[in-house]
Amino acid sequence: MNCNKIILNNSINKIVIILGIVLLIKVLTLNSLISQETPQSKDQCYNCHLQLDGKFKAPADMFKVDVHFHKGIFCSACHGGDASSDDMDKSMSKEKGFIGIPKGSQILKICSKCHSNEYNTLLSSAHGESSTGKGIIISSCIVCHGIHNIVPVKSPSSKVNGANIVNTCGSCHSNAAYMKSYDPGLAIDQLDKYKTSIHGQRIFKGDSKVANCASCHGNHDIKHVKDPKSRVYPTNIPQTCNKCHGDANYMKEYNIPTDQYEKYKTSVHGIALLEKGDNSAPSCNRCHGDHGASPPDVNSVTKVCGVCHALNAQMFSDSPHKDAFEQKNLGECTVCHSNHGIVHPTDDMLGTGKRSVCIKCHTQPQDRGYQTASVMESMIDSLNRDVDIAGNAIQNAEQKGMDVSDAKFSYNDIKKVLITTRNIVHYSDLNKFKESINEGFKITNKAKITGEEAVKDYYFRRYGLGVSTILITILILALYFKLRKTEKKQ
Amino acid sequence: MKKRSILKNTYEWLNGRFQLDSLISFMKKKDVPLYRGTIWYFFGGITLLLFVIQVVTGILLLLYYKASAELAFESVQFISAKVKFGWLIRSIHSWSANLMILSAFIHMFSVFFTKAYRRPRELTWYSGFILLALGMAFGFTGYLLPWNELSLFATKVGTDIAKTFPLVGTFVMTFLRGGENVTGATLSRFFGFHVAVLPGIFIIFLSMHLIFIQRQGMAVPENWDEIPEGTKKHIPFFPNFLMRDLLIWLIIINVLAILAVFFPWELGKKADELAPAPAGIKPEWYFLFMFQTLKYIPAKILSIDGDVIGIMLFTLAGLFWFLVPFWDRKKPEGVKRFWLTYFGVFVIIFIVVMSIIANWWGG
Amino acid sequence: MAESILFPEKQSRRDFLNYILGIGFAGLAGAVLYPIFDYLEPPKAPEVDVKNLDLGKDDDIPKNSSKMFKVGNTPGILIKTESGELKAYNATCTHLECTVQYKNDEKLIWCACHNGRYDLNGKNISGPPPAPLTPYKVIVQAGEIFIST
């Protein structure tokens, strides 16, 4: 009988315990509710604005994702005012430093309070100066980074990340009306071109490794193309491209060569641009495009090279090689001259010798191309020899003090013939070649003959002098003896 | 009568008209003293030979030379390069000019030291001095004619000095230059002087000079009278001395040919009137001593321009030299006038030293 | 008397020395006169005419064509434009001194060496030439064309 009473007591105990646990839980959660007095919740600006409507609520709403929000930097850090008071007059009072909505360079000054490095860099960049003079900043931080919703650069939703940055830059730089108020001469087709490029196509497919605007132009330190410090100044472009394209590891998955810069450095174009500072020499962007960067089509190589080398392009286009290369899908000029490592052509590129480019295809001696190359080679070798011989003949005469100005005058034309003939090779037409080179032989013959005649004259003078001297000496001796004889007689 | 040679017939024909016989017999008497100093007697003939060569080569050059600023240089180049033997004619003309002046100087000094200017040969000396001055004028005017860089500036410097003459200086300079500066007008003028005016005047004085010499015979040295009669030697002018003359002339001709072949006269760069003077510009060698002396005279002496002083000094010195037959007449017995000889030696040394300095250490 | 000085009696034996002398002097005379006579013969090369060149008649040159000439040792080019105007330039290309030519299809001056182009005022308009061509003055007098440098 006593056992049953105890069990009833145990049931009540269970209820008490359960109630106790529930109370405990409630107390605990109540604590957390109380400790949900976060820093954010302490910020009265944020709190107040969150409860407003429309455009007054938007900043606070957006601010939830902002990196400053997460790091504990709130409204008053930028706008000033008193964040502890919920009385509008107190919290938004000028005495407490409230500045309202900052405008123009005010914005930059605010950001620069913490981000001073970026600010200083921006000041000396193309966006920091304007055509109207220093002090008027073209682009303030919020234009690119956004406002109230600034996320870290690495975050995919950042306005300055990967594919987004392209559109961010494009939002001003593709806007004709907008750009006109700053620099009417600046192109606005960069984004359009970029979308046709390999980089553009891949970036919109999600490849974040390819180049975007900032990869080549920089971010805060963007300089005008004409500024030698700019990363896209003609002499700096090869290095800029090479940053990615020369890195074998980085480029591993793309299966394209990474030796372009090394080759280019040793090329005629590279030496002209990088060592001689000749800005008219092409760097990567001249052949590949800059914003629309992609290698030229196999069949448009001639046209691209032909932008500068017009004559040779036209000659090649008229030659049988044009169609033949197209059929075999060969890259026209680059077949013989290479693409990046273009060196100054030499006479041994022509013909059938070891260094010749002709025998790369024309391997058989019965082949017409082989024979043509062989004839051209021997003719040009022969002309080179004649040029030397004629030059020596003229120099020989000149050293002896004879006048060779006439010979030198006609010999000067040899330069033109050599250049013309070497270029006429691009026609691959033996008759045209012979026509051109025969002019050269005419010149060298004439020069050689004139030079040799001058030397002959030199020796003739000495010979004549010798004969005259002998004659006069005999005469002198005869006279002397005659004198002796006469005086003896007297 | 035996068949007479053509030569004899010609002689007789002329003799009948010009009494050549008396002329020949007079000239036969001319003889030359034979002693240590006889060698100096050749220099007059050498100068004459060189003058004749100048006339002949000058006439030949005239056939191709063009005397305008645009064409002069090219025409000389044409002669040297294209005309057959043009190089020879041109080089001989230039070398012979210099040798002629050198020979004239030697001739003058030899006459000075042997005192052959004394009575009765004063006029021979005066005409000879004038011939030397004319010769140097020939050299000065001829030097400009190739119209090359050196000659343009040498002429500029030379005519600048003319300006320093007091009172008449500017007029003389403008007259010489045909204007304010040395231009194509100067070239025309110098050409006219060189081929017409100077030859005309020269021929007159040369004829006088030669006639005087022929009329008076060769001068004998100072101490000729003291030499005993037996040991004194003479050689007849015709044919002995003349043959010796001929011998030397043949040697000179050969020397000229050798010089023309081995040391051809340079042409240099065409004159550019607008270009600045190249460094180290100097006149021809026979003016160097005057040029250098002027450089040593301080810029101003007692408020008179140094250049004017220099020119006046040279003019006075020249005048003194010119008038030496007047100063130095035959002295009374026993009195030796050494100072004049020393003066002459001093002049030679002065000229030589100044020329060397000017040429190799150019002021 | 004088005769005997100038014309000594003929020797019965030819004097060898006199013989040599005679030959010698004759030879010398020849050696002197031969260059002189050769000199007198004008050379085939054209006479020097550098400042004012005569290039022939105005009517002889068709429109839109050119003629090369030589000024001293420099090449020159004379062009008659489509409208009949005459222009002349120093034909030395200002790039690397090749000789330029007139292209009558493009109506401009062209250098074959490196494809340099000049307009009909001599101004360098395309390619490597760094400077315009030096112009010459063209004077037409009584139908004759003269070039003045």
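## An exposed loop residue in chain A

With 6 C-beta neighbours inside 10 Å, Asn255(A) counts as exposed, because the cut-off for that class is 12 or fewer. Please keep in mind that this is a predicted model. Asn255(A) sits in the loop that links helix 16 (237-245) to helix 17 (260-265) of chain A. The backbone of Asn255(A) also has a phi near 55°, a positive value in a residue other than glycine. Most residues other than glycine have a negative phi, and most peptide bonds are trans.

Another loop residue of chain A to look up is Gly146(A), between helix 10 (141-145) and helix 11 (162-173). Is Gly146(A) buried, exposed or partly exposed? Gly146(A) is partly exposed, as 17 other C-beta atoms lie within 10 Å. Although Gly146(A) and Asp66(A) are 80 residues apart along the chain, 9.9 Å separates their C-alpha atoms.

## Unusual backbone spots in chain B

Phe85(B) is a second residue to compare with Asn255(A). The phi of Phe85(B) is near 65°, again positive in a residue other than glycine. Phe85(B) belongs to the loop between helix 4 (72-81) and helix 5 of chain B. Unlike an exposed residue, Phe85(B) counts as buried, with 21 C-beta neighbours inside 10 Å.

Where can you find cis peptide bonds in chain B? One joins Arg119(B) and Pro120(B), with omega at about 10°. Pro120(B) lies in the loop between helix 5 and helix 6 (122-144) of chain B. Another runs from Phe238(B) to Pro239(B), where omega is near -5°. Pro239(B) has its place in helix 10 (residues 237-262) of chain B.

## Chain B as a whole

Let us step back and view the whole chain. Chain B contains 14 helices and four strands. Taken along the principal axes, its C-alpha atoms fill a box of roughly 75 × 60 × 35 Å. Of the 363 residues of chain B, 30% are buried. How many of the contacts in chain B between residues at least 6 apart join residues at least 24 apart in sequence? The share is 78%.

One helix pair is a good place to practise reading angles. Helix 7 (residues 149-163) and helix 8 (residues 169-177) of chain B pack at an angle of about 150°, and their axes are 7 Å apart. Angles over 145 degrees count as roughly antiparallel, and helix 7 and helix 8 of chain B are therefore roughly antiparallel to each other. On the helix 7 side, Thr159(B), Ala162(B) and Lys163(B) take part; they meet residues of helix 8 including Gly169(B), Val172(B), Met173(B) and Leu176(B). By class, the residues of this contact between helix 7 and helix 8 of chain B are four nonpolar, three polar and two charged.

## The nonpolar cores

The largest nonpolar core has 74 residues. Among those with the most contacts inside this core are Leu50(B), Ile89(B), Met100(B) and Trp147(B). Which helix gives the most to this core? Helix 5 (residues 86-113) of chain B does, with 13 residues. Leaving out residues up to four places away in sequence, Ile89(B) touches Thr57(B), Leu60(B) and Leu61(B), as well as Tyr39(C). Another core, of 33 residues, lies apart from the largest one, and Val304(A), Leu350(A), Ala390(A) and Ile394(A) are among its members.

## Chain C and its sheet

Chain C has two helices and ten strands, with both helices coming before the strands along the sequence. Buried residues account for 21% of its 149 residues. For contacts in chain C with a separation of 6 or more, 35% come from residues 24 or more positions apart.

Four strands of chain C form an open sheet in the order 5-6-7-8, with antiparallel pairing. Why do strand 5 (101-103) and strand 8 (124-126) of chain C each have one side without a neighbour in the sheet? They stand at the edges, each with a single partner strand, so one side of each is left free of a neighbour there. On average, neighbouring strands of this sheet are turned by 40° against each other, direction ignored. Strand 7 (residues 116-118) of chain C pairs with strand 8 over two bridges, and Arg117(C) stands opposite Ser126(C) in strand 8.

## Where chain C meets chain A

Finally, 15 residues of chain C are in contact with 20 residues of chain A. The side of chain C that touches chain A has nine nonpolar, five polar and one charged residues.

Key. Residues are numbered from 1 along each chain as its sequence is written. Chains are lettered from A and ligands numbered from 1 in the order in which they are written. This is a predicted model: local features need pLDDT of at least 70, side-chain atom pairs count only at pLDDT 80 or more; totals for chains, interfaces and linings use all residues. Two residues are in contact if their C-beta atoms, placed from the backbone, lie within 7 Å. Ala, Val, Leu, Ile, Met, Phe, Trp, Tyr, Cys and Pro count as nonpolar, Asp, Glu, Lys and Arg as charged, and the others, Gly among them, as polar. Two strands pair if DSSP finds at least two bridges between them. Axes are lines fitted to C-alpha atoms, for helices over the stretch in contact, and angles run from 0 to 180 degrees between N-to-C directions. A residue is buried if 20 or more other C-beta atoms lie within 10 Å of its own, exposed if 12 or fewer, and partly exposed in between; C-beta atoms are placed from the backbone. A nonpolar core is a set of buried Ala, Val, Leu, Ile, Met, Phe, Trp, Tyr and Cys residues joined through C-beta atoms within 7 Å. Angles under 35 degrees count as roughly parallel, over 145 as roughly antiparallel, 65 to 115 as roughly perpendicular and the rest as oblique.
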